[in-house]
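Please follow this account with the sequence and the structure side by side, moving from the ligand outwards to the pockets.

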Amino acid sequence: METERGIPHTDTLSPSEFPTRESRLHFFPEVPSTMDIARDLARKGCPAFTVVAADRQTKGRGRLRRTWISEHGGLYFTIVVRPRITPLLGFRVNFAASVVLARLLRDLFNLDANVKWPNDILLNGKKISGMLTEMEVTADRIAFINIGIGININNDPSDKEPQATSIAKELGRRVPRKQVLAGFLDAFEHKIQETDLATIIDEWKSINATIGSQVRIVTSNTQFSGLAADVDETGALILELADGNRQRVLYGDCFHQTI
Ligand code: BTN
């Protein structure tokens, strides 16, 4: 197996290497999508913070029905969360995940990681991670929120996605995927269990790259361009349009315009 500075090309994510969460970590060399396996486990009642991780996905899914290219070297996982909050506040869990991941990349690798609305992570303006969320509600309570996270670590996505980069590309060296997964899971679990997330939008704002940028938002049936003026307490992006009107945007693809 190819190695560079001691990090194997595909370093292992075997559950036995995560002693505190061995029984809740399900690892597969290859799956269609970790989202499907996590959904089945969640519907069958698996414990909170169960994780499904894979070295490679053949049908990785992105937001807005896009494909998420999932080649060897990247980190692909879905975490099952069962927060005791109203479904209306479920979005806070996604914002918490992006805040935790951006801070982790700063702390571990001194990378200038920022969040792009709603939950992408950027390095030097290029995407390094995306998140996909699936929530199921029963009797007005959240049954589960599954957060699927793809992180470009030791892969190089830039051939197929020029606006993407990876940790290895930015640092000029490979890093252990296990360090990123373990660091994220510990910090995320702590954040969800120990804080009420009421201030998560403020935390998100403190490391975001979107507010203050000219952006184009593309949804399935329309698009808007304007200045990203704010993110409100529901996670919606507030755009200032050219005609001076304000537009509240709840979902869509966000492109930062370079002027
Ligand atoms: C996006 O930016 O569009 C979201 C990408 C989410 C990709 C992750 S990889 C792990 C999990 N499994 C999937 O099929 N998708 C998510």
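**The ligand and two pockets**

In this predicted model, the second largest pocket draws at least two of its lining residues from helix H2 (91-109) and at least two from E8. Strand E8 spans residues 126-138 and also supplies at least two residues of the shell around the ligand, as do helix H1 (34-43), strand E5 (75-81) and strand E9 (141-151). It is therefore useful to begin with the ligand itself, around which 20 residues have a heavy atom within 4 Å.

Among the residues that surround the ligand, the closest are Ser33, Gln57, Arg61, Arg63 and Lys127. Two of the polar approaches involve side chains: a polar side-chain atom of Ser33 lies 2.7 Å from an oxygen atom of the ligand, while a polar side-chain atom of Thr34 lies 3.0 Å from a nitrogen atom of the ligand. Arg61, by contrast, takes part through its backbone, one polar atom of which is 2.7 Å from an oxygen atom of the ligand. Considered alone, the ligand would expose 410 Å², and the protein buries 99% of that area.

How is the shell around the ligand made up by class? The shell holds six nonpolar, nine polar and five charged residues, and its largest share, four residues, comes from E8.

The space that the ligand takes is the largest pocket, which holds about 920 Å³ of space. Its lining consists of 43 residues, and those closest to the centre of the pocket are Trp68, Asp120, Lys127, Glu161 and Ala164. Several elements each supply at least two residues of this lining, namely H1, E5, strand E7 (120-123), E8, E9 and strand E14 (253-256). The largest share, five residues, again comes from E8, and by class the lining of the largest pocket divides into 13 nonpolar, 17 polar and 13 charged residues.

We can now return to the second largest pocket, in which about 650 Å³ of space lies. Of the 24 residues that line the second largest pocket, Phe91, Asn94, Thr133, Leu250 and Tyr251 are the closest to its centre. Here too E8 gives the largest share of the lining, with five residues, whereas the classes are represented by 15 nonpolar, six polar and three charged residues. E8 thus recurs in the description of the ligand shell, of the lining of the largest pocket and of the lining of the second largest pocket.

Definitions and conventions:
Residues numbered from 1 in each chain as written. Predicted model: local features only at pLDDT ≥ 70, side-chain atom pairs only at ≥ 80, totals over all residues. Heavy atoms only, no water. Polar contact = N/O pair within 3.5 Å; in protein donor to acceptor, adjacent residues only side chain to side chain. Areas by Shrake-Rupley, 256 points an atom, 1.4 Å probe, with all protein chains shown as cover. 1 Å grid on protein atoms, 1.4 Å probe; cavity = no way out; pocket = protein on both sides within 12 Å on 5 of 7 lines; lining within 4 Å. Sits in = over half its atoms within 2 Å of the grid points. Nonpolar A, V, L, I, M, F, W, Y, C, P; charged D, E, K, R; others polar. Points joined across faces, edges and corners; volume = space filled by probe spheres on them.
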